Amino acid sequence: MFQEKPSANCLNTATTSTEDGASQKKGHSTRILSPEEAEKLAKDQVLVSEFKQLKLEKEAQKNWDLFYKRNSTNFFKDRHWTTREFQELKACREKNALYSTERCKVFQCDLTKDDLLENIPADSVDVVTLIFVLSAIHPDKMHLVLKNIYKVLKPGKCVLFRDYGLYDHAMLRFKSGSKLGENFYVRQDGTRSYFFTEEFLSQLFKAEGYEQVVNEYVQRETVNRKEDLRVPRVFLQGKFQKPFSKT
């Protein structure tokens, strides 16, 4: 495991407005906790038993399958932020006028153990998206995912990353008895979620040979006007490049 610690406050932040009118801030500063939030996290030190943790790992696929079965139509919404944040995706779509489902290869795999080379040629992929993927994987196995992807990514091309960041509202909502490890929690349905720090993610990618292009927190406020609720969301967003081969 990599050692991780919250980022020091930095001045290079930028605040923008999104198409839904919400404001968001990008930079290298972690969200500042209220005294109540800090106290809650400090007190939550009891970890789930080793027996239960092993059971959760064994049943991870089953728990996520049940999650998607329950939420196939009422959970995921197109918020139109992917092409705003990752211009590579928009460019890829526009440049491929001959895109056809008949030419796409769809397959299911476990990125921690199934070799992507069995379905994808080496050094052939232009862009890989890891959008809310790694957080569902045990931290001890995340490096296996990045190693697997590295084999099929073209030199000079990028992995586009976005996932839960440290001190996101979802992290603060977990009740006592849900903690699996540092920044790692289990939901009531058995699915798990990791909350990334900038340092941890950087070390994770660099250890597998990637070069860091972008790695920053995205802080935004979700507003429920009907109930007058303001929820602080924190994500970590990045681009990591496979370097060109040295000649």
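This is a short walk through the structure, stop by stop, with residues to select along the way. Keep in mind that you are looking at a predicted model.

**Stop 1: the main core**

Start by selecting Leu 134, Phe 161, Phe 196 and Phe 205. In the largest nonpolar core, which has 31 residues, these four touch the most other members. Now colour the elements that feed this core: strand 3 (125-131), helix 6 (142-152), strand 4 (153-164), strand 6 (184-186), helix 8 (198-207) and strand 9 (229-241) each put in at least two residues. Which element gives the most to it? That's helix 6, with 5 residues.

Zoom in on Leu 134 next. Leaving aside residues up to four places away in sequence, Leu 134 touches Met 142, Val 145, Leu 146, Phe 161, Asp 163, Phe 196 and Leu 204. Then look for another core that lies apart from the main one: it has 12 residues, including Tyr 164, Met 171, Phe 174 and Phe 235.

**Stop 2: Ser 193**

Select Ser 193, which you'll find in strand 7 (residues 192-194). Is Ser 193 buried or exposed? Its relative accessible area is 1%, so Ser 193 counts as buried. Show what surrounds it: Ser 193 touches Ser 135, Tyr 164, Asn 183, Phe 184, Tyr 185 and Arg 187, again not counting residues up to four places away in sequence.

**Stop 3: salt bridges**

There are 13 salt bridges in the structure, and a few are worth a click. Begin with Asp 115 and Lys 151, whose closest N and O atoms are 2.8 Å apart. This pair links distant parts of the chain, 36 residues apart: Asp 115 sits in the loop between helix 5 (87-95) and strand 3, while Lys 151 belongs to helix 6. Asp 115 is partly exposed at 28% relative accessible area, and Lys 151 is also partly exposed, at 31%.

Stay on helix 6 and select Lys 147 together with Glu 208. They form a salt bridge with the closest N and O atoms 3.1 Å apart. Glu 208 is in the loop between helix 8 and strand 8 (211-224) and Lys 147 is in helix 6, so this salt bridge ties together parts that lie 61 residues apart in sequence. Glu 208 counts as buried, with 16% relative accessibility, whereas Lys 147 is partly exposed at 42%.

For a change of scene, select Lys 55, Glu 59 and Lys 62, which are linked in a network of salt bridges.

**Stop 4: strand 9 and its partners**

Switch to a cartoon view and find strand 9. Strand 4 pairs with strand 9 in the antiparallel sense, over 7 bridges. To see a position in this region, select Leu 160, which stands opposite Lys 239 in strand 9.

How many bridges join strand 8 to strand 9? There are 13, and these two strands run antiparallel. Select Arg 220 and you can pick out its bridge partner in strand 9, Arg 233. While you have the side chains on display, remember that in a regular strand they alternate between the two faces of the sheet.

Follow the hairpin of strand 8 and strand 9 round to the 4 residues between the strands, where Asp 228 takes a positive phi near 55°.

One last pair: Glu 221 and Arg 230 meet through their side chains in a salt bridge, 3.0 Å from N to O. Glu 221 is partly exposed, with a relative accessible area of 34%, but Arg 230 is exposed, at 54%.

Definitions and conventions: Residues are numbered from 1 along each chain as its sequence is written. This is a predicted model: local features need pLDDT of at least 70, side-chain atom pairs count only at pLDDT 80 or more; totals for chains, interfaces and linings use all residues. Side-chain values use heavy atoms; hydrogens and water are left out. A nonpolar core is a set of buried Ala, Val, Leu, Ile, Met, Phe, Trp, Tyr and Cys residues joined through side-chain atoms within 4.5 Å. Buried means under 20% relative accessible area, exposed over 50%, partly exposed in between (1.4 Å probe, protein chains only). Contact means heavy atoms within 4.5 Å. A salt bridge is a side-chain nitrogen of Lys or Arg within 4 Å of a carboxyl oxygen of Asp or Glu. Two strands pair if DSSP finds at least two bridges between them.
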